[in-house]
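Visitor: Please show me the structure, and then let me ask how each label is earned.

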Amino acid sequence: MPYLPTYDSRDSRYKTPYGAVASGTQVQFTLRPPRIECFSHASITARFESRHDETVIVKMPWQGHHLGQDLFSTELDTAGYVGLIWYSFHLEKLDGRKQELGPYQLTVYDGDEHIPSWFGEGVTYQIFPDRFRRSKLPNPEGLVGGRTVHQSWEEFPEYRPDDRGEVRNRDFFGGDFQGVIEKLSYLKSLGVNTIYFNPIFEAAENHRYGTADYSRVDPMLGTNEDFARLCSEAHKRGMRIMLDGVFNHTGYVSRYFNGDGFYPDPGAHQSWDSPYRPWFNFTQWPQKYESWWGIYTLPAVNENNPSYREFIFGGEDSVIRRWLRAGADGWRLDVADELPDDFVHGIHAAARAEKPDAVIIGEVWEDGSTKVAYGVRRKHILGGHCDGLMNYPLRSAILAFFQGGGGEAFVKGMEAIRENYPSFAFYSAMNSLDTHDTPRLLTLLGAGGEYRDQSKEWRAQFTLSPKQRTRGRELLKAAALLLFCFPGSPTVYYGDEAGMEGFEDPFNRQTYPWGHEDQELLRWYRSLGRLRNRHPALRRGAIRYVCGQGPLLAFLRESEEERLLCAFNAGEEPQALPFNRGGLRLILGQAELTREDCSCTISLPPRSGAVLSVKRR
């Protein structure tokens with residue numbers, strides 16, 4: 001019989017417990033080298049990164065043998081430690097020859113805190129406020145930013161530069177809170193549990209990422225009272241509200257910087273004596289200052305300034321606490337990588353103090369456990385910082401799989417995330433197929449790419465051909481099913497369920513096509529919402545992969561109540577998936593079942609997915 005590997009970090013015969021561990025856990029390690037290799041000594045070397053790379057070496061005594069393999073085992077103590085441990089194994093023979101394995105990653109987190117589970121269990125809907133729905137045509141007169149308003153909801157967003165060569169994002173459509181309130185029943189029909197809003201505070205640009213005033217919502221959206229009413233109406237329907245917190249930078253046109261003098265009180269740009277001047281990093285006051293990615297309209301703030309910290313999270317009337325009190329239930333932190341760890345911790349502590357079940361989600365595009373920004377390993381998911389992260393690695397894996405990348409790569413990438421993340425972060429991830437920062441997935445899958453080699457004018461005018469749209473729709477339906485079956489909160493970017501198209505910003509930020517929805521996709525997303533809300537295994541169940549090979553991907557979601565098999569075919573031809581259990585029942589999707597005794601073969605059409613109930617023995 002073939003030998004088992006010498007070490008497998010994801011197998012309980014080699015390491016327990018699985019994956020990331022809470023501080024204080026005794027971690028058991030076992031090596032299983034083949035006896036014919038005649039290893040006589042073994043040890044583990046562990047580097048405690050957060051302890052200035054302190055390194056310890058622990059001997060691994062021989063424990064006997066089993067099925068032709070020697071067993072060397074020991075424990076590693078994580079008491080009093082939070083951070084990453086990088087460990088390697090060293091095996092030695094009597095003749096002095098050596099073998100090394102590793103390094104491997106062990107994530108050690110602070111396990112003392114209770115993490116609310118509501119976000120990861122539910123369905124999230126992302127709204128870009130200006131483009132979802134308007135209840136009336138707004139009047140831009142007297143508002144910050146010198147805005148224009150599209151008279152027709154069906155017009156195209158402005159993307160061409162102005163006379164100064166800038167795309168200023170000052171064209172508005174006038175989506176508002178009343179429009180959202182009038183569509184709460186629609187969102188409920190999609191199975192939505194959480195509404196995540198892109199920024200809602202007063203700002204000069206339509207994306208509102210250059211905050212002008214943290215104390216009030218943008219007048220085009222309504223009033224602070226309208227926001228509280230929206231929260232109340234959402235709560236009545238069992239939905240929660242998550243806000244976008246943009247605290248790394250403000251707007252050039254803002255109460256704090258006041259670059260154009262719109263606000264009556266002197267900002268950092270007008271007066272050296274302004275209380276806001278220390279919030280910004282001037283290299284030559286007032287004209288030269290640090291800004292986000294060099295964009296002058298987004299002056300960067302100094303997050304270490306005590307006054308700014310007090311304003312954002314320090315007091316009872318801080319930005320974080322005030323808006324939770326007004327009705328919000330959590331915050332998504334924009335560019336969380338660019339906020340100091342203790343700043344994020346302060347936000348987290350303030351949110352929990354105001355509302356014990358408030359959730360903090362961070363925008364991180366990579367594996368959040370190993371993220372390094374500005375030369376510092378981030379503490380995003382080590383406890384007391386972010387409860388979950390935007391799961392862009394999952395989006396990349398889904399996109400690659402349905403573009404021919406193979407099930408093997410999907411399993412490898414996502415199992416790395418599961419192993420590296422604390423369980424609370426893995427199950428509280430914000431899982432999206434696309435966002436305001438990415439092209440629409442329907443366009444990517446239908447067109448086959450981003451077409452960056454084409455002009456922006458070409459991409460602006462592009463629409464999928466009927467053949468491309470049919471293909472894109474099939475792939476999007478399968479990809480969305482995978483999203484709703486995966487641990488974490490499936491997040492629908494407004495209009496995906498209606499069949500909206502578009503490449504990058506602003507083409508991915510067009511207005512919701514009320515009255516012109518793709519009814520096939522809309523029915524599908526409604527069925528996905530029902531699926532997620534009716535099946536506890538999809539909300540909090542464990543995940544175990546059954547197949548990841550070529551165009552096939554299949555995994556089990558298991559809870560005490562039920563066991564579900566989720567299977568997908570990303571290929572152009574039908575695929576057969578053998579399953580050595582009977583008692584399968586199709587719940588949603590496309591699949592034909594061929595039963596033989598106690599086994600079953602599942603036939604999946606091209607570009608499809610299916611969820612099946614597995615009868616327990």
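Visitor: What makes the confidence in this chain high or low?

Guide: The model is predicted, and pLDDT is the predictor's confidence in each residue, on a scale from 0 to 100. Here the chain averages a pLDDT of 96, and 99% of the residues score at least 70. Confidence is lowest in strand E31 (residues 592-596), with a mean of 89, and highest in strand E10 (residues 123-127), at 99; strands are DSSP runs (E) of at least two residues, helices (H or I) of at least four, both numbered from the N terminus. Local features need pLDDT of at least 70 and side-chain atom pairs 80 or more, while totals for chains, interfaces and linings use all residues. Residues are numbered from 1 along each chain as its sequence is written, and side-chain values use heavy atoms, with hydrogens and water left out.

Visitor: Why is the pair of Tyr109 and Phe424 called edge-to-face?

Guide: Rings of Phe, Tyr and Trp (its six-membered ring) pair if their centres lie within 6.5 Å, and planes under 30 degrees apart count as stacked, over 60 as edge-to-face and the rest as tilted. Tyr109 and Phe424 are 5.8 Å apart centre to centre with 75° between the planes, so they form a pair and it is edge-to-face. It is one of 66 aromatic pairs in the structure.

Visitor: What does the pair tie together?

Guide: Tyr109 belongs to strand E9 (residues 98-109) and Phe424 to helix H11 (residues 423-427), so the pair ties together parts that are 315 residues apart in sequence.

Visitor: How do you know whether Tyr109 and Phe424 are buried or exposed?

Guide: Buried means under 20% relative accessible area, exposed over 50%, and partly exposed in between, with a 1.4 Å probe and protein chains only. Tyr109 has 15% relative accessibility and therefore counts as buried, and Phe424, at 13%, counts as buried too.

Visitor: What makes Arg32 sit over the ring of Tyr14?

Guide: A charge sits over a ring if NZ of Lys or CZ of Arg is within 6 Å of the ring centre and within 35 degrees of the ring normal. The charged end of Arg32 is 5.7 Å from the centre of the Tyr14 ring and sits over that ring. Arg440 likewise lies over the face of Tyr494, at 4.9 Å from the ring centre.
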